[in-house]
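Welcome, and please open your viewer. We will go from stop to stop, selecting a few residues each time.

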Amino acid sequence: MEISGADQHMTDVGIIRPDVHIEVQVKSESTVKRSDIRTHVLSLLDRHSSVLASYKWTEFDDEFLTRNVKSVTITDAVGPKFIDLRVHNLCIHIFSLNDDSPNTLTLEEEEELSAANHWLLPAGEFHGIWESLVYEEDIKTHLLDYVTTTIFFSDKNVDSNLIAWNRVVLLHGPPGTGKTSLCKGLAQKLSIRLSGRYAYSQFVEINSHSLFSKWFSESGKLVTKMFQKIQELIDDKDALVFVLIDEVESLTAARNAAQAGTEPSDAIRVVNSVLTQLDQIKRHPNVVILTTSNVTEKIDLAFVDRADIKQYIGPPSANAIFSIYLSCLEELMKCQIIYPRQQLLRLEELVTMNFMESDVTRLSLMLRKISQKSVGFSGRTLRKIPFLAHALFGKTSTMTVESFLKAMDLAVENQRQEQANLVNCV
């Protein structure tokens with residue numbers, strides 16, 4: 001019983017029921033009707049009405065689900081740890097992953113200019129990205145709500161001259177904080193969430209480095225061709241199209257260089273052409289433009305004005321790092337690289353115990369100290385620490401939780417020293 005309209009979020013007596021999103025991944029070989037899968041999933045949820053807010057079923061007592069469904073997941077629930085599905089509005093999203101490699105959009109065959117990469121969503125390559133990104137604030141929820149509202153306003157034919165929105169998202173912050181991954185994860189998540197509204201979704205990642213380094217001599221002609229190809233995708237109203245421009249500050253660099261006389265004079269026309277093309281495609285209700293920037297102060301003001309959401313993505317906090325490391329350790333225990341499996345407490349559980357050391361909390365408190373020592377590392381670096389711990393300080397192929405935590409502590413120290421050495425060299 002998926003609900004697609006906001007006015008359907010209310011019961012017969014006018015009480016608003018909060019949404020709970022349930023994602024159902026169908027096996028690629030399954031050919032059964034989605035309506036039949038929905039019926040069996042609703043029966044499963046009826047039998048397990050009180051669940052963890054992020055619970056995931058991968059094994060079923062229903063033969064039909066076992067044959068056709070890979071997983072059923074409660075996702076992005078906000079609020080208490082346990083939720084009662086009977087008092088929520090159940091939004092069921094049924095999907096299967098597309099495992100094809102991305103296509104390359106080229107502009108002129110004889111020159112083989114790579115304009116962009118193109119994926120059909122939901123893509124197997126993007127699966128799990130959203131869940132792997134940990135932010136202490138509700139950044140992911142806000143981004144989901146923003147794009148959902150843009151689609152909703154468009155469907156309701158809200159006059160954009162009276163209430164303005166441009167379908168443009170700008171994520172900015174230092175390198176390695178997951179901005180590009182967040183864009184890919186957001187597109188993947190929304191392709192699943194809006195599968196009842198759109199037949200399929202597409203993701204186009206523009207090769208900005210090629211765009212602003214090779215094509216100035218063409219005076220914007222090739223830029224126009226690239227956006228014409230994107231326009232062809234958007235013209236299919238059954239498709240939701242996401243366009244990603246990574247490191248959008250390249251726009252500013254190109255414009256400034258042209259004005260300073262260090263680039264060809266028509267470079268600025270290329271940049272203006274990009275901005276003009278963005279203005280044209282953003283008018284369509286089935287497109288979302290996602291952009292990132294590593295150098296906030298260099299973002300072109302002309303572009304900043306076009307962005308509805310300007311979200312800063314900073315380095316993870318100690319609490320976020322704890323959650324990232326915890327997910328890494330759970331994965332290594334599942335793969336039996338860490339063995340035997342031992343229970344590690346979540347940060348919320350440590351808070352309820354006032355961080356008092358005991359046999360129950362000792363290992364989790366070790367992990368907390370390592371997390372605090374890791375503040376300042378990028379998300380990219382944090383995900384490498386467990387690998388480096390095993391590669392550099394693992395004495396055996398299989399390690400206990402305690403020995404692995406000690407190796408992680410050494411890996412953090414090693415990474416700190418390497419970064420200091422790089423700074424000294426510079």
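At what angle do helix α11 and helix α13 pack, and how far apart are their axes? Select residues 318-334 for α11 and residues 362-373 for α13: the angle is about 125°, and the axes are 9 Å apart. The two helices are therefore oblique to each other, and their crossing is right-handed. Now show the side chains. From α11, the contact uses Ala 318, Ile 321, Phe 322, Tyr 325, Leu 326 and Leu 329. From α13 come Ser 364, Leu 367, Arg 368, Ile 370, Ser 371 and Gln 372. Colour this contact by residue class and you should find eight nonpolar, three polar and one charged.

Before going further, a word on what you are looking at. This is a predicted model, with a mean pLDDT of 86 for the protein. Of its residues, 86% reach 70 or more. Select residues 1-13 next: here the pLDDT is below 50. In the model this stretch has 26 contacts beyond near neighbours in sequence. Where pLDDT is low, the predicted coordinates should not be read in detail.

**Staying with α13**

Keep α13 on screen and add helix α15, residues 401-425. This pair packs at an angle of about 10°, with axes 10 Å apart. That makes α13 roughly parallel to α15. On the α13 side, pick out Arg 362, Leu 363, Met 366, Leu 367, Ile 370 and Lys 373. Among their partners in α15 are Val 401, Glu 402, Leu 405, Lys 406 and Asp 409. Counted by class, this contact has eight nonpolar, no polar and seven charged residues.

**On to the sheet**

Which order do the strands of the open sheet follow? There are four of them, in the order β3-β4-β1-β6, and the pairing is mixed. Select 56-57 for β3 and 89-95 for β6 to see the edge strands, each of which pairs on one side only. Next add β4, residues 69-75, which runs antiparallel to β3 and is joined to that strand by two bridges. For a closer view, centre on Trp 57, whose bridge partner in β4 is Val 72.

Now bring in helix α1, residues 34-47, which packs on the sheet. This helix touches β1 (19-26), β3, β4 and β6, and its direction makes about 135° with that of β6.

**Another helix pair**

Select residues 139-155 for α4 and residues 179-193 for α5. Their axes come within 11 Å and cross at roughly 50°, so α4 and α5 are oblique to each other. The crossing is right-handed. In α4, look for Ile 139, Lys 140, Leu 143, Leu 144, Val 147 and Thr 148; they meet Leu 182, Leu 186, Lys 189, Leu 190 and Arg 193 in α5. The residues of this contact divide into seven nonpolar, one polar and three charged.

**Three backbone stops**

Begin with Asn 157, in the loop between α4 and β9 (168-172). This residue is not a glycine, yet its phi is positive, at about 55°.

Then go to Pro 122, in the loop between β8 (114-121) and α3 (129-132). The peptide bond from Leu 121 to Pro 122 is cis, with omega near -5°.

Finish at Pro 340, in the loop between α11 and α12 (347-352). What kind of peptide bond joins Tyr 339 and Pro 340? That bond is cis, with omega about 0°.

Notes
Residues are numbered from 1 along each chain as its sequence is written. This is a predicted model: local features need pLDDT of at least 70, side-chain atom pairs count only at pLDDT 80 or more; totals for chains, interfaces and linings use all residues. Side-chain values use heavy atoms; hydrogens and water are left out. Two strands pair if DSSP finds at least two bridges between them. Helices (H or I, at least four residues) and strands (E, at least two) are DSSP runs, numbered from the N terminus. Contact means heavy atoms within 4.5 Å. Axes are lines fitted to C-alpha atoms, for helices over the stretch in contact, and angles run from 0 to 180 degrees between N-to-C directions. Angles under 35 degrees count as roughly parallel, over 145 as roughly antiparallel, 65 to 115 as roughly perpendicular and the rest as oblique. A crossing is left-handed if the near helix is turned anticlockwise from the far one by less than a right angle, and right-handed if clockwise. Ala, Val, Leu, Ile, Met, Phe, Trp, Tyr, Cys and Pro count as nonpolar, Asp, Glu, Lys and Arg as charged, and the others, Gly among them, as polar. pLDDT is the predictor's confidence in each residue, from 0 to 100.
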